[in-house]
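Trainee: Mind if I quiz you on this one while we have it on screen?
Mentor: Go ahead, pull it up.

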Amino acid sequence: MKLKGQRILMFVDNIYEDLELLYPKYRFIEEGAEVVVAGPCAKAVYTGKYGYPCRADAAIADMKEGNFAGLVIPGGFAPDQLRRDPKVLELTRQFHQKGKLVAHICHAGWIPISAGIVKGFKCTSTPGIKDDLINAGATWVDEPVVIDRHQITSRRPDDLPQFCRAIITFLD
């Protein structure tokens, strides 16, 4: 129960990467964390890339950084839509400014890029957004997990065990 008493925020929207949301969610719950999955609308059901449904616990608009120990952003194509929401970017910047966990995997790096918080950080992602991260000022590497200060990043679903271990260790 390494995360007992910790609250973690995750974002969801349609076409999220099923494993990148669900694997960490249940892994953190297993360690005692309370995970809040927030989407554009509270209680709405969002469909993953592979068809798995996820009901949002809350609306992104109602979330406050101060209520959470960290932010974990799953990939898929949902981040491309979510990064257009000013509240998503505001929350992401707030976690960053407080030095709290900002973890992103695969295409989820689009949100920190749009929030303007990757400059000067070493990170990884799916190769599909490598140029986006580099152009935003990050140093990109092809590794399963990268930990740079309070940002933890991974490339793809195969990296989820290392990604989750790094997050649990950071928050423990």
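Trainee: How far apart are the end C-alpha atoms of H1, and what span should its 13 residues have?
Mentor: Quick background: this is a predicted model, where local features need pLDDT of at least 70, side-chain atom pairs count only at pLDDT 80 or more, and totals for chains, interfaces and linings use all residues. Residues are numbered from 1 along each chain as its sequence is written, and side-chain values use heavy atoms, leaving out hydrogens and water. Helices (DSSP H or I runs of at least four residues) and strands (E runs of at least two) are numbered from the N terminus, and the expected span of a helix is 1.5 Å times one less than its number of residues. For the 13 residues of H1 that gives 18 Å, which agrees with the distance between the end C-alpha atoms, 18 Å.

Trainee: At the start of H1, which backbone nitrogen does a side-chain oxygen of Glu 17 reach?
Mentor: Polar contacts here are N or O pairs within 3.5 Å; within protein, one atom must be able to donate a hydrogen and the other to accept it, and residues adjacent in sequence count only if both atoms are side-chain atoms. The Glu 17 oxygen comes to within 3.2 Å of its partner, the backbone nitrogen of Leu 19.

Trainee: And just after H1, which residue takes a positive phi?
Mentor: The phi there is about 100°, and the residue is Gly 32.

Trainee: What kind of unit do S1, H1 and S2 make?
Mentor: S1 (residues 7-11) and S2 are parallel, paired over five bridges; two strands pair if DSSP finds at least two bridges between them. Arg 7 has Glu 34 as its bridge partner in S2. A crossover is right-handed if, with the strands pointing away from the viewer, the path from the first strand over the helix to the second runs clockwise. With H1 (residues 18-30) included, you get a right-handed β-α-β unit.

Trainee: How many residues of S2 are buried?
Mentor: Buried means under 20% relative accessible area, exposed over 50% and partly exposed in between, using a 1.4 Å probe and protein chains only. S2 covers residues 34-39 and is largely enclosed by the rest of the structure, because its buried count is five of the six.

Trainee: Which residue in S5 stands opposite Ala 38?
Mentor: S2 also pairs with S5 (residues 58-59), in the parallel sense over two bridges. Opposite Ala 38 you'll find Ala 58.

Trainee: Why is there no bond between the sulfurs of Cys 106 and Cys 123?
Mentor: A disulfide is a covalent bond between the sulfur atoms of two cysteines. The cut-off used is a pair of cysteine sulfur atoms within 2.5 Å, and a search of the whole structure finds zero. Both residues are buried, Cys 106 at 10% relative accessible area and Cys 123 at 1%. For Cys 106 the closest cysteine sulfur is in Cys 123, too far for a bond at 13 Å.

Trainee: What is the relative accessible area of Thr 92?
Mentor: Thr 92 sits in H3 (residues 86-97). Leaving aside neighbours within four places in sequence, its contacts (heavy atoms within 4.5 Å) include Phe 11, Leu 71 and Ile 117. Thr 92 is buried, with a value of 0%.

Trainee: Which residue in the turn between S10 and S11 has a positive phi?
Mentor: S10 (residues 145-148) and S11 are antiparallel, paired over four bridges. They form a hairpin with two residues between them, and the one with a positive phi of about 55° is Arg 149.
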